[in-house]
Amino acid sequence: MATIEECRAALEKLSENMQHAEGDVGAAAALDRSVSCHITDLDVTFAGRMSGGRIHVHDTLQGPPREKAQIRLSMTGDDLVALVAGDLHFARAWGAGRVKLHAGVRDLLVLRKLL
């Protein structure tokens, strides 16, 4: 089971990858939205903002998100680490229910290029 530190490192790696993205992926990474990532097996939520092509984590909270972020992810720590490492395909994980993504329809259309 991934630790909180490994999950935070995975989010930082995802943020770094987003910052260097180009084309359609770069445009998707440029969204300015509140974001939360609930790690279900650790019952921890990373809350912050996606802006400037990066994810900025401002808080690490016990339990589910306290506020409804514009983009909300939910998964296990191992799945987060595997997604960022490229060992788990987002669409397959989402289709199997391993990853949950909630966002507005417009944001989902843009995010599909990023994910």
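**Sheet pairing and salt bridges**

Me: In this predicted model, over how many bridges do strand E4 and E5 pair?
Reply: Strand E4 covers residues 71-75. One of the bridge partnerships joins Ser74 to Lys100 in E5. The two strands pair in the antiparallel sense, and the number of bridges is three.

Me: Which strands stand at the edges of the open sheet of five strands?
Reply: The strand order is E3-E2-E1-E4-E5, with mixed pairing. An edge strand here has a single partner strand, so one side of it is left without a neighbour in the sheet. The strands in that position are E3 (54-62) and E5 (100-102).

Me: At about what angle does helix H1 run to E3?
Reply: Helix H1 spans residues 4-19 and lies across strands E1, E2 and E3. Its angle to E3 is about 160°.

Me: Is Asp107, which meets Arg33 in a salt bridge, buried or exposed?
Reply: The N to O distance of this salt bridge is 2.9 Å. Arg33 is in strand E1 and Asp107 in helix H5, 74 residues apart. Arg33 counts as partly exposed at 22% relative accessibility. Asp107 has 10%, and because buried means under 20%, Asp107 counts as buried.

Me: Which residue forms a salt bridge with Arg98?
Reply: Arg98 lies in the loop between helix H4 and E5, and its partner is in helix H3, so the pair ties together parts 19 residues apart in sequence. Arg98 is partly exposed at 42%, while the partner is buried at 7%. The closest N and O atoms are 2.5 Å apart, and the partner is Asp79.

How values were computed:
Residues numbered from 1 in each chain as written. Predicted model: local features only at pLDDT ≥ 70, side-chain atom pairs only at ≥ 80, totals over all residues. Heavy atoms only, no water. Pairing = 2+ DSSP bridges. Helix = DSSP H or I, 4+ residues; strand = E, 2+ residues; numbered from the N terminus. Contact = heavy atoms within 4.5 Å. Axes fitted to C-alpha atoms, helices over the stretch in contact; angles between N-to-C directions. Salt bridge = Lys/Arg side-chain N within 4 Å of Asp/Glu carboxyl O. Buried < 20%, exposed > 50% of the residue type's maximum accessible area, 1.4 Å probe, protein only.
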